[in-house]
Amino acid sequence: MATEESNFQFSAAPRGGAVGHWAHLLGALATFGLCLFSAMDAGKIRPNDGTVWLLGRSTVTVLEVPPRADGGINLLQPGDEIIGIGTTLVASPQEAAQLLGRQQVGSLVPYLIMRDGKVLRVPVRLSAFRTADRFYPYYGFLSLAYWLIGLMIYLRGRESQAARLFFRMCLLFAVFFMTDLNRSSYFWGDIITRNAGALARFLLPALFLHFFLVFPDKKIIVTRRPWLEPLLYVLPLVFYLQFTMDQFFGSHAPRIYNTRWLVLGTFFSAGAVALLHSYYQFRDPLQRRRIRILTVGTLAGILPFLIFTVLPGDRVGDTLAFIGTVPMIAVPLSFSYCIARYRVMQIEVLLKRSLVYSLLTGGLFLLYLGFVLGLGALLLRLSSQTSQVATVAATLAAAASLWPARVHLQGQLDRRFFRSRGNLAGALQEFGLEIPQIIQQDALIGRIGGRLCQLVDLPRLAVYRPGPAGEEWLLAGVVAHPAADGPRAGPDGCDECPATLRLAATALRLAQFNEPYWVERSQVRLDVRAAATREQAELLQRLQERDALAGLGIALLVPMLVRGRLVGLFALPPKHGGDDYQLQDLELLTLVAGQMALQIENSRLYEEELKKQKLEEQLALARSIQSRLLPERLPEVRGLELAACNLNSAEVSGDYYDLIVRDDGQLVVIISDVSGKGIPASLLASSLQASLRAHCAISDSPGEILDRVNLYLYASTDPTHFATLFLAFVDPVRRRLRYSSGGHNAPILRRADGTLLQLDKGGLPLGAFDFGSYEEETIDFGPGDMLFLYTDGLTETVDHADEEFGTARVERLLSEHHGIGAGDLLDIMNAELRAFSGREQADDDVTLLVLKALHTAAGNPTDAVAYAQRGLPPLTRAENES
Amino acid sequence: MKRSVLMGLAALALVALALLFLGGPKREFTTRSGEAYKLFERGYSQLNAFQFSQADSSLRRAVALDGEFAAAHALLSQLSLRFGDQADSDREAALADSLAARLPNALERAKLQLLLLAYRKPGDQVRDSLLDYVLAEQPTDLMALSAKASVLYQTGKWDDCQRIYEQILAIEPNHAPAYNMLGYLAAGRGDYEQAVTHLRKYAFLAPGLANPHDSLGEVLSWKGDYADAEREFAAALDAQPDFHYSQINLGELYLEQGMIAKGEKILESIRAALAGLPQERELDETLIRMYYTHELYDEALRAMESYQRKYPDAFLCDFYRAIQLAMQDRREEANAAIAGFLAEARRSDAFAFKNYRDQLDNLEHQFRAMLATRDGDHEKAIDEWQLMLDSSLSRPAHERWWFLWRQGESYLAAGRPGPALENAKRILETNPARIRPLLLLARSALELGQAELAGQALAKVQPLLARADAKLPAQQTYRDLIAQLAPTPAD
């Protein structure tokens, strides 16, 4: 019987959702009502004729005549049909029961019966009948305890299958204790409680076994064969149905036969064996300790119950059954203790440790007091003394003699709750002081890890952090025991510590339970095809990962959790000498891992903050550089209307434009997009501007200029850094335009007649290669013609559907808005762009430049309009009129 | 508008409440006194249980509480009849009748009239129409159903009667009188076991009453369980020492078993108590029947003479006179007497009913058969007995056994032991403890050469005769038969 995991919990999603939840609550309420009713019913004294009737028929037939408790002789015989009671004829068992209920206890009541076909009148002395015996109050207490603990566990852990099963088991135990199968007094209340009692008796053993098949760990056999779980209940349900049929339609009194008791006892025994198996399967001392109390409590309760109450069946006497049932209180107590102390089934209880301690201390004191008084009384009795002095003396003597025992027990209790672990406490204090002072991760791993290796006697300690891929965990550091020659810290790994671990399901587990994860090579070989459900698939993955970890020599994983998020983990090999990890080791590792996780998280946040500050500084610098590249004012050129704008994105890019008026009156138009972002791009743009300005002063051939600048850039920058650029010389007098493009988006010339022309002559982007030439072209730039230049930030802006703005849209806008000014065109483009993207800020820098040849005499300075927007928001129009 | 409606509703509610609390006590059957009605119910039950004195007490207390309690007066009228006080009965009936006229409710009036008519002759058109009316209005009214069943019983419609009683039990499973009547109906069908079952239920439902035990004793005696019957009669008398029916039945039981002196003693002991009541006449009729059955003809003749003196107006008086004359071989006078008896009887209103006519035919055939027997014309006697048997098919076996026996005796006398044997067997199937049929069986068997069967019959009759009086003629017959059965030296 292999177990799946060792985390005391199951991830099975609650079945049935809200309906299931309400059904459970309704079940709890119904059980409480049934128990209450049963208690009231059982405590009531009623007249009884000492016979057992056959129910479910219209006639009242005597099934059995058990020996009377008062030793009297019952004149009724099995097989008699009761026709009348008292002075009334009866037509059904229910009617007969009602009649009987109206009689007086002890009275001699005439019965009219049919025996062997003859009607006889038989006097029957009615005895007092009460289901509850002298042990019933204890059963009531026990039932209440089970009900309460079951409900508490369900309410706090209903997502867990184990909690749900435990809850149901508690309900059945509650019914079990409150009901009695021994005899029926055929009142409807008895019929109900008896039937419910039978249901509890049949289902309980199966549920008990089921619970311990999934708790503390779900057994592999159950996971691999899910049909086993419902199968457990088939036989008990058949038994129950037979019982019910016997109760109402049978020819004999319904009872649980010996063979059935044996079967039910076998279920109980199997449950106990499953629990023991789980206990001995655990190598993890923490887990074993958590389950130890629970195991002992359950076995201490269930074994006497099994021996004295279940296996003897209904032959057992009341006293013996009581003796067998008394220890059953140990089951809810042990579960309560384990939940309060160890969060078994991941249940948090509101009960404070101090309250538990106070209660236990109080209980111990009361126990002590009881013993003192008892021993004192015994001494007095033995000595036959009656004087008050002797009484006081005896009591004091008893108190004195028992005092050491009380002190010892109290010490045990104190140690249990407020354990003073010298080394551990000291180490924790040391770590608590040291960890917050170490900011750097490496130093943290080195110093704290080293100290941990010393304290826990570890050969090494490796820390893994989550990698970019979800399942990949990267070695953040490894530190060896200072006395060993093993690997030192280093993120590249070593022979024993791989640089990466692949953990998916295991990581989920660690995050979920925040407790050490014992790595042990699975002894079970699972068939991949067996993973039919999600649960099975997860299990399979966990087992595969566990095998892989075991193969890497990792014995224990300790989660580093911050606010439920797994930020790292300790991967630990077996301890020196192959010793087992002790409980203290695990607690220390868990606590330190938590502290380190917090510190690493703090460190990460600190570093992120530093990076952010640095980035912001760089951004400011880049913006400053870029702003200086752009002309503060647009030049005034007669016969041309100019407009330009630069729309900044969040990041500073390398967009740049320039307008230079040469001495010969030509206007040099430059628009460029430098690769990269931030300062490097700004610097490259700055360099490009300087180079262009120099070359434009001495040459009027765009192709030649671009050729030279390309070589210059290639030589002075990394090949990964390049720029696209469009360079044009505009002669406003001769109405001509000479241009060449270095891989830039082709500007669009809209002729006065509305036709569009893309200026795409040129060559490769600048600075990328040391070869290639740049073709140039000269075209007319007559009145009404408008040249629209832009960077790729315009056409590559995307909307919500991830569709690009595109060149076609630009051309459409140019076509639609014919005859407008350069500034108006920019306004339209901006508005369209903003509407298209739905955002105020562009994803990338957008630079737009518009030249319009005017009809008026060339050189009218009032035609120049400049948009030199810098910074944010970009779409605010700022005119620069001259 | 809405407010006024609400206020109106509130006022209505107040009025309803006032009516509820101020409307006075609930009106029961012809009275507003709840206590008087309870006494009436008790008296009615006691009357059905033949606890006449208790019933009388209850009903008189009821009318003391409510002098205008018509139903109570009607029951008192019935009770007075039981006590033989015709005048008082008439007076109570008249009072009830006058009170009935003042009852506002027609159904109540009808039910009251039913009570008044309960003892009228069968076939009373008024009663039948009243019954139909009440049952149409209240199909589950137990009083009306009981009256209906009673009418059906009296008219010999046994199956319908049984159906009504079963209907009553379906409404009220613990209706004791219904079990009483079902018991008698079962006995009438010859299902004595079923009759005992019903009557035991009746006894169970009415503990402390004499009548259930008396009824049970009767049925047990019919089927020959004399010891059990004796116990039941004793139980009846324990429950009600003045229950004269049981005293008569107990005396008859002893007479039936041949314990003549014991029977006579019991019957004579109550004669004084029954003086003037119908039961006294029944007592004398029982004695005559028993003497005749046991062939104690002298005693029978004396009893018949006494009967004629005491009850000259009784229905059977002339019949007994005819029998007496016939037994004294005064044939002409006997014939004249029987003719006169029959002529008188046929003038009765009851002659319109078959039961009555059958009864007259029976008596006539009985007389003729007896005459034929005395004349030695046994074949004629056989025929006459057969006619009696044919005309009494509707009567239960325990009432017809005597005819069968007498016919058997005639068969034997006519030298036809075979049919005699069959007749004896038929009688003994119902009651295996009848002395005369057992002796007839033995004699017939001997005639037929069935000594073993005769021996068995004599073995059965021996313990019966051991308890019987020594003077009983059957004792001599037994001895003779024993002598015939005893092996002779020659054998």
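In the predicted model, A:Tyr154 belongs to helix α3 of chain A, which covers residues 136-157. The residue is buried, since 24 other C-beta atoms lie within 10 Å, a count to be set against the threshold of 20 or more. Its contacts beyond four places in sequence are with A:His24, A:Ala163, A:Arg164 and A:Phe167. A:Leu25 is 129 residues away from A:Tyr154 along the chain, yet the two C-alpha atoms are separated by 9.1 Å.

The setting of this residue is a chain that contains both kinds of regular element, with 24 helices and 25 strands in chain A. Chain A comprises 882 residues, of which 40% count as buried. Of its contacts with a separation of 6 or more, 69% are between residues 24 or more positions apart. Chain B, by contrast in its elements, has 26 helices and 0 strands. Buried residues amount to 45% of the 491 residues in chain B. Among the contacts of chain B between residues at least 6 apart in sequence, those joining residues at least 24 apart make up 48%.

The contact between the two chains draws 10 residues from chain A and 9 residues from chain B. On the chain A side, the elements contributing two or more residues are the strands β4 (81-85), β5 (88-89), β6 (108-115) and β7 (118-125). By class, the residues on this side of chain A consist of 6 nonpolar, 3 polar and 1 charged.

Helix α18 of chain A was examined for its length and for the placement of its buried residues. The helix runs over residues 534-551, and its 18 residues should span 26 Å at 1.5 Å a residue; the end C-alpha atoms are 25 Å apart, so the expected and computed values agree. The buried positions in α18(A) are A:Leu539, A:Arg542, A:Leu543, A:Glu545, A:Arg546 and A:Leu549. Viewed down the helix axis, the buried residues of α18(A) fall within an arc of 165° and therefore line one face of the helix. This arrangement may be read against the helical repeat: an α-helix has 3.6 residues a turn, so residues three or four places apart point the same way. The elements covering the buried residues of α18(A) include α6 (220-224) and α17 (505-513) of chain A. After α18(A) comes A:Gly553, which has a positive phi near 80°.

Helix packing in chain B is illustrated by α19 (residues 331-346) and α20 (residues 354-375), which pack at an angle of about 175° with their axes 11 Å apart. Because angles over 145 degrees count as roughly antiparallel, α19(B) is roughly antiparallel to α20(B). From α19(B), the residues B:Ile338, B:Leu342, B:Ala345 and B:Arg346 meet B:Leu360, B:Glu364 and B:Phe367 of α20(B). The contact of α19(B) with α20(B) has 5 nonpolar and 2 charged residues, and no polar ones.

Positive phi values were also found at residues other than glycine. Most residues other than glycine have a negative phi. A:Arg735 departs from this pattern with a positive phi of about 55°. A:Arg735 is located in the loop between β18 (723-731) and β19 (736-742) of chain A. It is partly exposed, because 16 other C-beta atoms lie within 10 Å. In chain B, a positive phi near 60° occurs at B:Glu295, likewise a residue other than glycine. B:Glu295 is in the loop between α16 (278-293) and α17 (297-310) of chain B. With 15 other C-beta atoms within 10 Å, B:Glu295 is partly exposed.

The loop after β19, which leads to β20 (748-750) of chain A, contains A:Gly743. A:Gly743 is buried, with 20 other C-beta atoms within 10 Å; a residue qualifies as buried at 20 or more. Apart from residues up to four places away in sequence, A:Gly743 touches A:Thr724, A:Leu764 and A:Pro765. The C-alpha atoms of A:Gly743 and A:Lys761 are separated by 9.1 Å, the two residues being 18 residues apart along the chain.

Terms used. Residues numbered from 1 in each chain as written. Chains lettered and ligands numbered in written order. Predicted model: local features only at pLDDT ≥ 70, side-chain atom pairs only at ≥ 80, totals over all residues. Helix = DSSP H or I, 4+ residues; strand = E, 2+ residues; numbered from the N terminus. Buried ≥ 20, exposed ≤ 12 C-beta atoms within 10 Å, placed from the backbone. Contact = placed C-beta atoms within 7 Å. Nonpolar A, V, L, I, M, F, W, Y, C, P; charged D, E, K, R; others polar. Expected span 1.5 Å × (residues − 1). Arc of directions from axis to C-beta. Axes fitted to C-alpha atoms, helices over the stretch in contact; angles between N-to-C directions. Parallel < 35°, antiparallel > 145°, perpendicular 65-115°, else oblique.
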